[in-house]
Amino acid sequence: MARAFLFVLDSFGIGGAADAERYGDAGANTFGHIAIACAEGRADREGLRKGPLAVPNMFSLGLARAAETATGLKLGNGELPQATAFHGAAQEVSSGKDTPSGHWEIAALPIRFDWGYFPDTVPAFPAELTEAIIREGKVPGILGNCHAPGTEIIERFGEEHIRTGKPICYTSVDSVLQIAAHETHFGLERLYEFCKMVRRLVDPLNIGRVIARPFIGENAGSFERTHNRRDYAVPPPEPTLLDRLTARGSRVIAVGKIGDIFAHRGISEVRKAAGNMAMFDKALGAIDDAGEGDLVFANFVDFDTEFGHRRDVAGYAAALEAFDRRLPEALAKLKQGDLLILTADHGNDPTWRGTDHTRERIPVIGTGPGLKGGDIGLRTTFADIGETVAEHLGLARGRHGTSFHATIGAHA
């Protein structure tokens with residue numbers, strides 16, 4: 001039986017991107033800087049965590065070796081990966097450092113075009129777009145209209161939003177237009193419909209995603225974003241690994257926001273939950289349900305949204321440790337012929353300036369019963385991940401990427 005499981009630790013970059021300087025990110029290293037901060041006691045937090053970063057299960061899959069491949073930085077205590085584990089790093093070739101580009105490239109479709117972006121000015125949006133949003137959305141106006149972190153802008157404008165009914169619209173260095181609105185006062189379904197309308201309006205601007213950001217609470221001190229976020233992404237311009245699998249009759253079970261990222265194309269089933277640990281439960285259930293030739297594609301978004309963007313080093317470290325503690329549950333479910341890969345879509349170094357993603361290489365680590373494992377080196381594109389999964393599941397070779405299937409001793 002050949003099955004594949006792709007787990008994306010959203011934003012868990014390992015530094016070293018050859019083109020990081022172009023993005024203002026030369027030196028950014030999400031994993032490296034978290035590990036160093038933990039070792040130096042700068043990520044201790046009462047009641048949360050203390051001491052060096054403890055991720056022994058990911059180290060056993062070769063995480064430290066992958067980090068060394070990416071940057072030359074030696075982390076950990078020289079632990080040797082388990083015999084069946086493989087490890088390496090991958091360099092992104094797609095433009096940008098955002099979620100769709102990273103995931104699409106992982107799914108064997110690099111993006112060579114440039115996304116549209118909004119300038120870091122006030123207002124950030126073109127006047128004609130703002131007017132169309134107000135007119136077609138039937139709202140009295142919008143708030144924000146600037147670059148901002150999500151929690152900060154809700155705290156700043158949330159009370160006025162409740163009072164006036166104006167949605168909070170903002171952006172970042174990514175190709176995105178985010179819309180925050182109160183789940184009760186504005187309405188969750190109304191927010192989703194509003195975002196669909198805005199998605200249509202920004203299509204000519206080549207904006208990658210429109211994101212619904214619902215929140216609750218009655219004043220600045222109590223506002224809290226909920227897990228009812230929804231992403232409205234443009235569909236990939238070519239077939240991805242997911243399309244190729246579903247076209248031949250295999251199932252693709254999407255856990256977390258994977259369905260949204262691919263505009264629900266090539267997706268057989270979506271399973272969502274609130275928080276990384278609940279998402280891990282969903283992923284374990286999907287492993288149980290996957291059959292011959294199926295793919296489980298899971299995204300663990302809290303690393304990015306809750307800790308990377310908020311520049312919370314201790315929180316990010318604790319989340320990695322919590323994920324690592326549960327990893328043996330997934331490993332225990334692997335059967336002969338299974339392939340598990342852990343990776344990321346970009347970086348979000350919590351020690352870095354600003355609040356945005358960082359251009360970094362990603363880890364490519366994993367295992368499967370009976371594999372010979374080993375070093376897969378530095379891959380020149382994330383697409384090698386997708387092509388390896390494709391070969392493992394018996395698909396013909398795609399247009400992008402090179403499989404490392406033979407290197408790790410996987411069985412077709």
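How much area do domain 1 and domain 2 bury between them, and what share of it is on carbon and sulfur atoms? In this predicted model, the answer is about 1,200 Å², with 53% on carbon and sulfur.

**View 1. The two domains of the chain.** Domain 1 comes in two stretches, 3-111 and 237-408, while domain 2 covers 127-233. Take the C-alpha centres of the pair and you get a separation of 29 Å. On the contact itself, domain 1 puts in 18 residues and domain 2 puts in 14.

**View 2. The face that domain 1 turns to domain 2.** Three residues to pick out here are Asp 260, Arg 310 and Asp 356: together they supply 31% of the area domain 1 buries against domain 2, more than any other three residues. As for secondary structure, the elements giving two or more residues to this side are α4 (99-106), α9 (258-261) and α11 (302-308). Sort the residues on this side by type and you find eight charged, five polar and five nonpolar.

**View 3. Polar pairs across the domain contact.** Looking for salt bridges between domain 1 and domain 2? The count is zero. Polar contact does turn up, with two residue pairs between the domains, both at pLDDT 80 or more.

**View 4. A close-up on Asp 294.** This residue sits in the loop that links α10 (276-289) to β11 (295-300). Asp 294 has a relative accessible area of 7%, under the 20% cut-off, so it counts as buried. Leaving out residues up to four places away in sequence, Asp 294 touches Ala 2, Arg 3, Ala 4, Ser 250, Arg 251 and Leu 393.

How values were computed. Residues numbered from 1 in each chain as written. Predicted model: local features only at pLDDT ≥ 70, side-chain atom pairs only at ≥ 80, totals over all residues. Heavy atoms only, no water. Domains from an automatic or database assignment. Contact = heavy atoms within 4.5 Å. Buried area = accessible area lost by both parts, 1.4 Å probe. Salt bridge = Lys/Arg side-chain N within 4 Å of Asp/Glu carboxyl O. Polar contact = N/O pair within 3.5 Å; in protein donor to acceptor, adjacent residues only side chain to side chain. Helix = DSSP H or I, 4+ residues; strand = E, 2+ residues; numbered from the N terminus. Nonpolar A, V, L, I, M, F, W, Y, C, P; charged D, E, K, R; others polar. Buried < 20%, exposed > 50% of the residue type's maximum accessible area, 1.4 Å probe, protein only.
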